[in-house]
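Biologist: Got a minute to walk me through this one? I'd like to start with how the chains meet.

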Amino acid sequence: MSEKIKILYLDDELNNLIGFKASLRLDYIIYTAQNSTEALAYLDKNPDIRVIFCDQRMPEKTGVEFFEEVRSIHPHPIRILLTAYADIESVIDAINRGNVFRYVKKPWLDTDIISAIEESNKFYLANSMLSMKNEELRKAYLELDKFAYSVSHDIRGPLVGISGGVDLALQSNNIDEIKEILLLMEKSVTKLDTFILSMHDYYSLERGELKITAIDFNEVVKETEAIFAIYAKTAQIDFKINVRQNEPFWSDVISINLIINNLLTNAFKYQRKGADNKKVTLDIEVFRGSVTIAVGDNGTGIEGKYIDEIFNLFFRASIQESGSGLGLFNVKSSVLKLNGTIDVNSVLDEGTTFTVVIPHK
Amino acid sequence: MKLSFIIIDDRELDCYIAEKIIQKTGLSTDNKIFYDAFSGLNFIKNTPVTDSIIIVLLDIMMPVMNGFQFMEAFEKLPEEIKNNYRIVAITTSLNKNDISEISSYKSVIGVLKKPYPSEALVKVLQIITGDLGQ
């Protein structure tokens, strides 16, 4: 165990507290309290206390009463009752009202206390693991809900449009009109395909393992440049890449590529129509074990009220361009998976810069 | 009788199809297309009131301002403007809640599920053409 377990002991007899602390303080972090107010203050300050020992016979209230109270405010710590008077009534009370995990008789043997702590800790870990898994499940359900909803819009939508287009084209004898319809249908097909590709990214991110290799960013941007150069040329956007890497960097290249590609796609996409000197920049610097990736543009910018929402699943802040609502969500997932951070700085009608910092793996 | 139409849908192909379907009904005098609900709403706000009826084909699911948000804003417009318009909601949604929610707005006279044939549109519009003694 790397970290010491935190334990709280409440007893009105000071000698018991001193003795308890003296024999256990090397192996555990011990908080002692002589009354329940003091004990509750410790719990409020240290939500990571794992085990609470409490004497049954105290002047202001019994141990069972204290546990009953504590249970509702701090449900996570494991409760252990200490008592010299083990009558059956108090045992029943302890279990039913205080929901205690163990019962230790006074005077105690250190080995009893230690084994109670170890057992409590196991129980605590299993429980918190369970609540963590529950939280993950809850999140997964929520995303599944959003997916189910988006299937009808983002997947069925373009399909319905395409089938409508097919109908129209079949009824038309005008070749120019048919070609116009085909052109529009092609756009819908591309949109649908992009959506499915980003769903694939989403899935690989959620379920995939990281593959850590040495990354040469000069190589990474070579591919990127090849992908975006043609686009930059036809859309007349000045595209500048700047890489400074003087040390090796280890990370998952697929995630890094996903981050760079999605941010660049957005930078190219959200340009102001008809603007002069359109610009997109990609700056990568590896320095002291971290990489900073900055993608900037002088495009449309993001409205201030949407900034907090742009990383949400299926959120779209723009009517100008088609988006799946998955791109930035995937970027954020990848960044978090690599223990990194992402910041956005955007001014409406002036441009946006995303800055990602990822530590060395 | 002749009607004019406003199509509000973020998908180019769907607007195109809607326009063709309207043409087929033979009811239309002119159509306006808006790829986002904001511009559609602004147009409605700033157009002088006439005594002809304008049909709005409104897609429900659009980014930034969706059909529901459009309806919230539309219902707050002055009565004399609202009287000029009849809303037909258009959706690909299979969600019953969406459909009943959009139908609950007073100015929505019908809901069509994409894809819809021109006959379905004519049928919805009969409520109006009937109302006006046609």
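Biologist: So how many residues of chain A are in contact with chain B?

Modeller: Keep in mind that this is a predicted model. In it, 18 residues of chain A are in contact with 19 residues of chain B.

Biologist: Which helices of chain A each supply at least two residues of the side that touches chain B?

Modeller: Helix H5 (110–171) and helix H6 (175–207) of chain A each do that. H5(A) gives the most, with ten residues.

Biologist: And how do the residues on that side divide into nonpolar, polar and charged?

Modeller: On the side of chain A that touches chain B, nine are polar, six are nonpolar and three are charged.

Biologist: OK, new topic: strand E4 of chain A. How many of its residues are buried?

Modeller: Six of the six residues in E4(A), which spans residues 78–83, are buried. Both faces are covered, with Ile78(A), Ile80(A) and Leu82(A) on one side and Arg79(A), Leu81(A) and Thr83(A) on the other.

Biologist: How many bridges join strand E3 of chain A to E4(A)?

Modeller: Five, and E3(A) (residues 51–55) and E4(A) run parallel. One of the partners is Leu81(A), which is bridged to Cys54(A).

Biologist: What do E3(A), helix H3 of chain A and E4(A) make?

Modeller: A right-handed β-α-β unit, with H3(A) covering residues 63–73.

Biologist: What about strand E5 of chain A: how many bridges join E4(A) to E5(A)?

Modeller: Four, and E4(A) runs parallel to E5(A), residues 102–105. Thr83(A), one of the buried residues of E4(A), stands opposite Lys105(A) in E5(A).

Conventions: Residues are numbered from 1 along each chain as its sequence is written. Chains are lettered from A and ligands numbered from 1 in the order in which they are written. This is a predicted model: local features need pLDDT of at least 70, side-chain atom pairs count only at pLDDT 80 or more; totals for chains, interfaces and linings use all residues. Two residues are in contact if their C-beta atoms, placed from the backbone, lie within 7 Å. Ala, Val, Leu, Ile, Met, Phe, Trp, Tyr, Cys and Pro count as nonpolar, Asp, Glu, Lys and Arg as charged, and the others, Gly among them, as polar. A residue is buried if 20 or more other C-beta atoms lie within 10 Å of its own, exposed if 12 or fewer, and partly exposed in between; C-beta atoms are placed from the backbone. Two strands pair if DSSP finds at least two bridges between them. A crossover is right-handed if, with the strands pointing away from the viewer, the path from the first strand over the helix to the second runs clockwise.
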